[in-house]
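Q: Please take one buried residue of this model and give a close account of its surroundings. Then follow its connections outward and set the other well-defined parts of the structure beside it.

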Amino acid sequence: MYALKVNDIEFGYDRELVLKGISFNIEKGKFISIIGPNGSGKSTLLKTLNNLYKPTKGNIFIEGNEISSLKGKDLAKRIALVPQNTNIDYDFTVEDIVLMGRHPYKGRFQKENQNDYSIIDESLKMTNTLHLKDRPITEISGGERQRVIIAKALAQRPTIILLDEPTSHLDINHQIDILNLLKNLNKEKGTTIILVIHDINLAARYSDEIILLNDGVVLGIGKPEEVITTTNVETAYNLNVVIDRNKYTNSLYLTPVEIKKRIPKKQTETVHIICGGGTGAEVINRLYDEGFNLTLGVLNVGDSDWQHGKSLMIPMVEEAPFTGISEKTYNKNSEKVKAADIIVISSIPFSRGNLKNLISGYEGLKSGKKVFFIWDYPDENFDYTDGKATKLINEMKQTGMKVVKSVEDLVRSIKECT
Ligand SMILES: Nc1ncnc2c1ncn2[C@@H]1O[C@H](COP(=O)(O)OP(=O)(O)OP(=O)(O)O)[C@@H](O)[C@H]1O
């Protein structure tokens, strides 16, 4: 049985629909983030999941029960909402606030009993707020208040906790603190956590699954790597990004990149640059600024030249990270070589992995293209291919490949022959 089943729901505040046919299932014990641009409907969705708003179409099932069939207190024993703005003006103590979480378990006029007080203490302990128990809620910090509101939700003893931007207004240290607390709850108690969050990198790091909302519809749902793709982020946020893995946490890491304005095209020639590992950056910049049409290849996804190419939106032939060039990729690169007027080989390492890149350049040369090689190696011991690469380069030189000493040299030579 699913913790939550959402079946084609629609909802709007006035005439316009804000949720436009949303469906998804959430398994018990999952940690789920809902992300999406401002106004995409995240908070509204969360409120429908807590029955604060009733969908005009579709159904929501909480642990198999249709949400509207559950009485207020029965619903509150299953699901707790930590709202976005928790400004409390009255001088309630922290303990008073957390006591409110026991409301669903009490009859009218019934006083709290010992059991309630031990659950409150346990909730305060879990959120590391026991020491604040007698303090007025108005006199504690934002981070502490967020913990206390979570403690109140815990005192409700729900199986699902919904949180609307629990980390907004918190510094990075307290953001991590709150997310670790939620992750512990999720792991130790099996509580299903569903939170709205703006920080995509934190969502990717903590979540089992992500729901990406865009303009009231689900644009993506699934594991972080299935949802956080350049295409989805571009569609939802209108943002050009590079997606990599964080080397410390190994979670997806997204970096927005500036899209440089393309200068008016001055050249009609296309230059295909064979590069990698940062050897292409300067060549790319110079030829880009000169207005040439550029293509790049073969670059492993995540490579620094790959990132550079992405940020300038240059078409390129890509290979999976840290893998050799497959036959299919090699053929794609050959297509780009054929389509180009000029081939530039940057001072790529003479490694086995790069032999195929050099061979592509050689093919271009044999088919009559102008091929330039930037000879910018610090010493003589750079051939890791038992001499194969050196032999190839020598043959290419004899076939007419032009060797240049620097990028400056390259640009001058290219301009001379175009
Ligand atoms: N109480 C309301 N009455 C009328 N319209 C509302 C109300 N609350 C939200 N809206 C509208 O519904 C749409 C979705 O708002 P919602 O707050 O759900 O988006 P969100 O994705 O949570 O946004 P944000 O990231 O900015 O918090 C917006 O166009 C918003 O203006």
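A: In what follows, a strand is a DSSP run of E with at least two residues, and strands are numbered from the N terminus. By that rule, histidine 272 belongs to strand β13, which spans residues 270-274. The model is a predicted one, and every distance below is to be read in that light.

Histidine 272 has a relative accessibility of 0% and is therefore buried, since the limit for that class is under 20%. Once residues up to four places away in sequence are set aside, the contacts of histidine 272 are Thr295, Leu296, Gly297, Asn333, Lys336, Val337, Ala340, Ile342, Ile343 and Val344. Two of these neighbours are also polar partners of the histidine side chain. The side chain of threonine 295 makes a polar contact with that of histidine 272 at 2.7 Å, and the side chain of asparagine 333 makes another at 2.9 Å. A further spatial relation leads to asparagine 293, which is 21 residues away along the chain from histidine 272, with 8.5 Å between the two C-alpha atoms.

Asparagine 333 also connects this site with serine 360. Serine 360 sits in helix α13, residues 352-366, and is buried because its relative accessible area is 1%. Apart from residues up to four places away in sequence, serine 360 touches Ile274, Tyr330, Asn333 and Val337. Asn333 and Val337 thus appear among the contacts of both serine 360 and histidine 272, and Ile274 is the last residue of β13.

Helix α13 leads on to methionine 396, a residue of helix α14 (residues 388-399). Methionine 396 is buried as well, because its relative accessibility is 0%. Beyond its neighbours within four places in sequence, methionine 396 is in contact with Ile345, Leu358, Gly361, Tyr362, Leu365 and Met401. Of these, Leu358, Gly361, Tyr362 and Leu365 fall within the residue range of α13. An α-helix has 3.6 residues a turn, so residues three or four places apart point the same way. Methionine 396 and histidine 272 are separated by 124 residues in sequence and by 17 Å between their C-alpha atoms.

Helix α11 (residues 304-311) can be described through its packing. The buried residues of this helix are Asp305, Trp306, Gly309 and Ser311, and they pack against β11 (241-245), α10 (281-289), β14 (293-300) and β15 (316-319). The range of β14 takes in Thr295, Leu296 and Gly297, which are contacts of histidine 272. At the N-terminal end of α11, aspartate 303 acts as a cap, with a side-chain oxygen 2.7 Å from the backbone nitrogen of aspartate 305. Just beyond the helix, methionine 313 has a positive phi of about 55°.

A separate element is an open sheet of four strands, arranged in the order β2-β1-β4-β5 with antiparallel pairing. Its edges are β2 (19-26) and β5 (65-66), each of which pairs on one side only. Strand β1, residues 4-11, is joined to β2 by six bridges and to β4, residues 57-62, by five. Valine 6 shows both pairings: phenylalanine 24 stands opposite it in β2, and isoleucine 60 is its bridge partner in β4. Two bridges then pair β4 with β5 in the antiparallel sense, with phenylalanine 61 opposite glutamate 66. Two residues lie between the strands of the β4-β5 hairpin, and glutamate 63 there takes a positive phi near 45°.

The remaining site is that of the ligand. Tyr13, Val18, Pro37, Asn38, Gly39, Ser40, Gly41, Lys42, Ser43, Thr44, Glu165 and His198 surround it. By class, this shell holds three nonpolar, seven polar and two charged residues. Ligand oxygen atoms take part in several short approaches. One is 2.9 Å from an N or O atom in the side chain of asparagine 38, a backbone N or O atom of glycine 41 lies 3.0 Å from a ligand oxygen, and a polar side-chain atom of threonine 44 lies 2.4 Å from a ligand oxygen. On its own the ligand has 640 Å² of accessible area, of which the protein covers 59%.

Conventions: Residues numbered from 1 in each chain as written. Predicted model: local features only at pLDDT ≥ 70, side-chain atom pairs only at ≥ 80, totals over all residues. Heavy atoms only, no water. Near = heavy atom within 4 Å. Polar contact = N/O pair within 3.5 Å; in protein donor to acceptor, adjacent residues only side chain to side chain. Areas by Shrake-Rupley, 256 points an atom, 1.4 Å probe, with all protein chains shown as cover. Nonpolar A, V, L, I, M, F, W, Y, C, P; charged D, E, K, R; others polar. Buried < 20%, exposed > 50% of the residue type's maximum accessible area, 1.4 Å probe, protein only. Contact = heavy atoms within 4.5 Å. Pairing = 2+ DSSP bridges.
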